[in-house]
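Open the model in your viewer and keep the selection tool at hand. Each stop below says what to select and what is there.

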Amino acid sequence: MGVCAGLLALAVGCGRGRERAGSAPSTITVFYFEEAAFGPSWDMHAKFLVFLPLVARNDEGELEGRLAERWERSADYRDWTVHLRRDVRWHDGVPVTAHDVKFTMDLLSHPAVLKVPPGAFSLTVLDDSTYRITCHQQARGSPLDDWTVFYPKHLLEGLDPEDFHQWDFWARPVGNGPYRYLRRLAGGMTEFEVNRDYYRGKPRIERVVLKYGQLSVTELLSGNVDVLPYVPPMDLLKIEGDPRFRVYSYLEPGGSIPKAILWNQRHPPLRDARVRRALTLAIDRRELRETLNLPEGMPIADVLYTREQFQRGELPD
């Protein structure tokens, strides 16, 4: 039996006092766990401020294009032809092309990097906006996922992959997403300004500041940040009912904060499926949610499910 949840806290009227309508640009300050948010780690959501994935998931959990405009696949899902948008540019004004995609995928499978297993795929550029990828084995990052982002070949192709994790590019990234790098204070913060050339239109928030440090609700209570992207359930008691803040719960399948009960089948009584089933049915799920201080309505599932079923709320409770 397993669930996964997160809690996000947002200061109501965030940024108030720092700007007035029609004067200074709106700014939002977000607490962030670590400074290396844009490169070597797969698990940093902040990269989507700066870089575009091929696709993203809508509210129904279905894929829709971002960098990719459309795609076709073979019946066995091994061969994919991807057509990129032609109106996306890197923040330095250079067009994004299929050569950037190939460069990135080759980089991620380089022996010094190994984010994708070598030999997992072969990728052929057909023209500046089209490429074909053939999958030879299952691997994260291909052929059409919503997590991998891509890097500018014209800026990185001369760098040594052996030094991948130390590239200065990660501290001062040049991307193709809604925000562009503005400035950085080592160990303290990174500031981004809106990308006015963003193909989906100018974002409403002019600037985003990522402030680094130890996770603490005190940062939110003291006004040092406007957003805390994760609130430990027990710390939620410190801000619940405070009119200065809004708390949002979010759920994601297979996330990084799972809550689960796993039966140890090496213990003789638990080898019997009837015993495991009886213990599962004996658990008061609503009381369990309250004990863990999880959001009401949190689904608890005992079955396999797809991401789409999860996001549509089709799991049995």
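Which residues does R66 touch, not counting residues up to four places away in sequence? Select R66 together with P53, L54, V55, A56, R85, Y199 and R200; these are the residues R66 touches. This is a predicted model. R66 itself lies in the loop between β5 (63–65) and β6 (68–73). Is R66 buried or exposed? Its relative accessible area is 13%. Buried means under 20%, so R66 is buried.

**Next stop: the largest nonpolar core**

Keep L54 selected. Add L67, L84, Y131, Y151 and L210. Within the largest nonpolar core, which has 49 residues, L54 and these five touch the most other members. Now colour by element. β3 (27–32), α1 (47–50), β7, α2, β8, β9, β11 (189–194) and β12 (207–212) each supply at least two residues of the core. Which element gives the largest share? Select α2: 6 residues of this core come from there. In soluble globular proteins, nonpolar side chains tend to be buried together.

Then look for a second core, separate from the one above. This second core has 9 residues, F31, L220, I239 and F245 among them.

**Next stop: helix α2**

Select residues 98–108, which make up α2. The helix is mostly covered, with 8 of its 11 residues buried. Show side chains for A98, D100, V101, F103, T104, M105, L107 and L108: these are the buried ones. What do they pack against? Add β7 (79–84), β8 (121–127), β9 (130–135) and α3 (153–156); the buried residues of α2 pack against these four elements.

Now zoom in on the start of α2. Select T97 and H99. A side-chain oxygen of T97 comes within 3.2 Å of the backbone nitrogen of H99.

**Last stop: strand β9 and its partners**

Select β9. This strand is mostly covered too: 5 of its 6 residues are buried. Which way do β7 and β9 run, parallel or antiparallel? They run antiparallel, joined by 5 bridges. To see one pairing, pick H83 and its bridge partner in β9, T130.

Turn to the other partner, β8. β8 and β9 also pair in the antiparallel sense, over 6 bridges. Here, select V125, which stands opposite Y131 in β9. Y131 was on the earlier list of core residues that touch the most other members. Finish at the turn: β8 and β9 form a hairpin, with 2 residues between them.

Conventions: Residues numbered from 1 in each chain as written. Predicted model: local features only at pLDDT ≥ 70, side-chain atom pairs only at ≥ 80, totals over all residues. Heavy atoms only, no water. Buried < 20%, exposed > 50% of the residue type's maximum accessible area, 1.4 Å probe, protein only. Contact = heavy atoms within 4.5 Å. Polar contact = N/O pair within 3.5 Å; in protein donor to acceptor, adjacent residues only side chain to side chain. Core = buried A, V, L, I, M, F, W, Y, C linked by side-chain atoms within 4.5 Å. Pairing = 2+ DSSP bridges.
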